Amino acid sequence: MTTARIISIITGYLFGLFTTGYFYSRHVHVDIRQMGSGNIGTTNTFRTLGKKAGIIVFLGDGFKGVFAVLLVWLIFHSRYPQDIKILEAYAGLGAVLGHNFPVHLKFKGGKGIATTAGMMLAFCPFAVPVCMALFGLSVTVKRYVSVGSLLVCLGFFVQTVIFGQSGILGAPPQALTEIYIVVGIVCLLGVVRHHSNIKRLLSGTENKV
């Protein structure tokens with residue numbers, strides 16, 4: 001299983017290296033890193049390159065999380081049927097790490113929320129409706145994308161625990177602690193990558209939609 005864990009993380013990381021925002025911006029002959037906040041993710045793309053670009057980047061960054069989890073499932077589900085959810089979680093973690101710390105961009109990537117959402121869709125689809133509602137309501141009411149993103153991270157982790165304990169997640173009891181740790185790291189990465197946004201929220205200077 002150790003080798004399978006490593007393969008899962010590497011597989012996810014390779015998917016994560018498809019930094020959609022950067023590649024799209026180069027396609028239209030600009031560099032997203034030199035625009036707006038300098039972030040290569042969905043929010044900065046929406047603000048600087050428009051709605052079409054933002055949707056493309058969101059889908060690209062999200063689906064690499066989906067594909068990473070699905071590929072690891074295809075590779076290992078017959079060999080490790082009892083531990084496949086652990087390996088799926090590692091694949092999602094790898095995808096987020098690849099997006100946040102891409103080697104080809106000198107480890108300066110995005111914040112990983114769209115990729116985390118993609119991981120969630122493939123790994124724990126039952127958590128998606130609540131997270132969508134949390135994000136939509138927070139952005140509609142408060143007008144802060146960062147608040148919605150932080151709530152998605154919190155909602156994903158809490159629901160993973162709830163569905164894990166209830167058996168809905170489909171993982172055996174002996175696998176749950178490791179799954180919670182890996183998913184917790186994914187969600188913590190999302191929070192840590194928003195540290196500057198959190199500071200601005202506390203000071204009242206955060207940008208609204």
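Tyr-180 has its place in helix 9, which spans residues 173-192, and in this predicted model the residue counts as buried, with a relative accessibility of 14%. Once residues up to four places away in sequence are set aside, Tyr-180 touches Phe-157, Thr-160, Val-161, Gly-164 and Gln-165. For one of these partners, Phe-157, the spacing along the backbone is also available: the C-alpha atoms of Tyr-180 and Phe-157 are separated by 7.5 Å, although the two residues are 23 residues apart along the chain.

**Packing of helix 1 and helix 5**

- Helix 1, made of residues 2-16, packs against helix 5, made of residues 84-100, at an angle of about 35°, and the axes of the two helices are 6 Å apart.
- The crossing that helix 1 makes with helix 5 is right-handed.
- On the side of helix 1 the contact is made by Ala-4, Arg-5, Ser-8, Ile-9, Gly-12, Tyr-13 and Gly-16, while helix 5 contributes Ile-86, Leu-87, Tyr-90, Ala-91, Gly-94, Ala-95, Leu-97, Gly-98 and His-99.
- By residue class, this contact of helix 1 with helix 5 divides into 9 nonpolar, 6 polar and 1 charged.

**Gly-98 within helix 5**

- Gly-98 lies in helix 5 and counts as buried, its relative accessibility being 0%.
- Leaving aside neighbours within four places in sequence, Gly-98 is in contact with Tyr-13, Gly-16 and Leu-17; Tyr-13 and Gly-16 are among the helix 1 residues that make the contact with helix 5.
- A separation of 8.1 Å is found between the C-alpha atoms of Gly-98 and Gly-109, which are 11 residues apart along the chain.

**Aromatic pairs and a charge over a ring**

- The structure holds 6 aromatic pairs, and one of them is formed by Phe-76 and Tyr-80, a tilted arrangement with 6.0 Å from centre to centre and 50° between the planes.
- Both partners of this tilted pair are buried, Phe-76 at 6% relative accessibility and Tyr-80 with a relative accessible area of 16%.
- The pair of Phe-123 and Phe-156 counts as edge-to-face because the planes of the rings stand at 80°, with the centres 6.5 Å apart.
- This edge-to-face pair links distant parts of the chain, since Phe-123 belongs to helix 6 (residues 113-123) and Phe-156 to helix 8 (residues 145-166), with the two positions 33 residues apart in the numbering.
- Phe-123 counts as buried at 1% relative accessibility, and Phe-156 is likewise buried, with a relative accessible area of 0%.
- Phe-123 has a further partner in Lys-85, which lies over the face of the ring at 4.5 Å from the ring centre.
- Elsewhere, Phe-18, Tyr-22 and Phe-23 form one aromatic cluster.

**Loop residues with positive phi**

- As background to the next two points, most residues other than glycine have a negative phi.
- Phe-107, found in the loop between helix 5 and helix 6, has a phi near 65°, a positive value in a residue other than glycine.
- The accessibility of Phe-107 is 49%, a relative value at which the residue counts as partly exposed.
- Arg-143, found in the loop between helix 7 (128-142) and helix 8, likewise has a positive phi, here near 70°, and is a residue other than glycine.
- With a relative accessibility of 37%, Arg-143 counts as partly exposed.

**Gln-82 in the loop before helix 5**

- Gln-82 is found in the loop between helix 4 (51-76) and helix 5.
- Not counting residues up to four places away in sequence, Gln-82 touches Pro-172 and Ala-175.
- The C-alpha atoms of Gln-82 and Thr-43 are separated by 38 Å, and these two residues are 39 residues apart along the chain.

Methods:
Residues are numbered from 1 along each chain as its sequence is written. This is a predicted model: local features need pLDDT of at least 70, side-chain atom pairs count only at pLDDT 80 or more; totals for chains, interfaces and linings use all residues. Side-chain values use heavy atoms; hydrogens and water are left out. Axes are lines fitted to C-alpha atoms, for helices over the stretch in contact, and angles run from 0 to 180 degrees between N-to-C directions. Helices (H or I, at least four residues) and strands (E, at least two) are DSSP runs, numbered from the N terminus. A crossing is left-handed if the near helix is turned anticlockwise from the far one by less than a right angle, and right-handed if clockwise. Contact means heavy atoms within 4.5 Å. Ala, Val, Leu, Ile, Met, Phe, Trp, Tyr, Cys and Pro count as nonpolar, Asp, Glu, Lys and Arg as charged, and the others, Gly among them, as polar. Rings of Phe, Tyr and Trp (its six-membered ring) pair if their centres lie within 6.5 Å; planes under 30 degrees apart count as stacked, over 60 as edge-to-face and the rest as tilted. Buried means under 20% relative accessible area, exposed over 50%, partly exposed in between (1.4 Å probe, protein chains only). A charge sits over a ring if NZ of Lys or CZ of Arg is within 6 Å of the ring centre and within 35 degrees of the ring normal.
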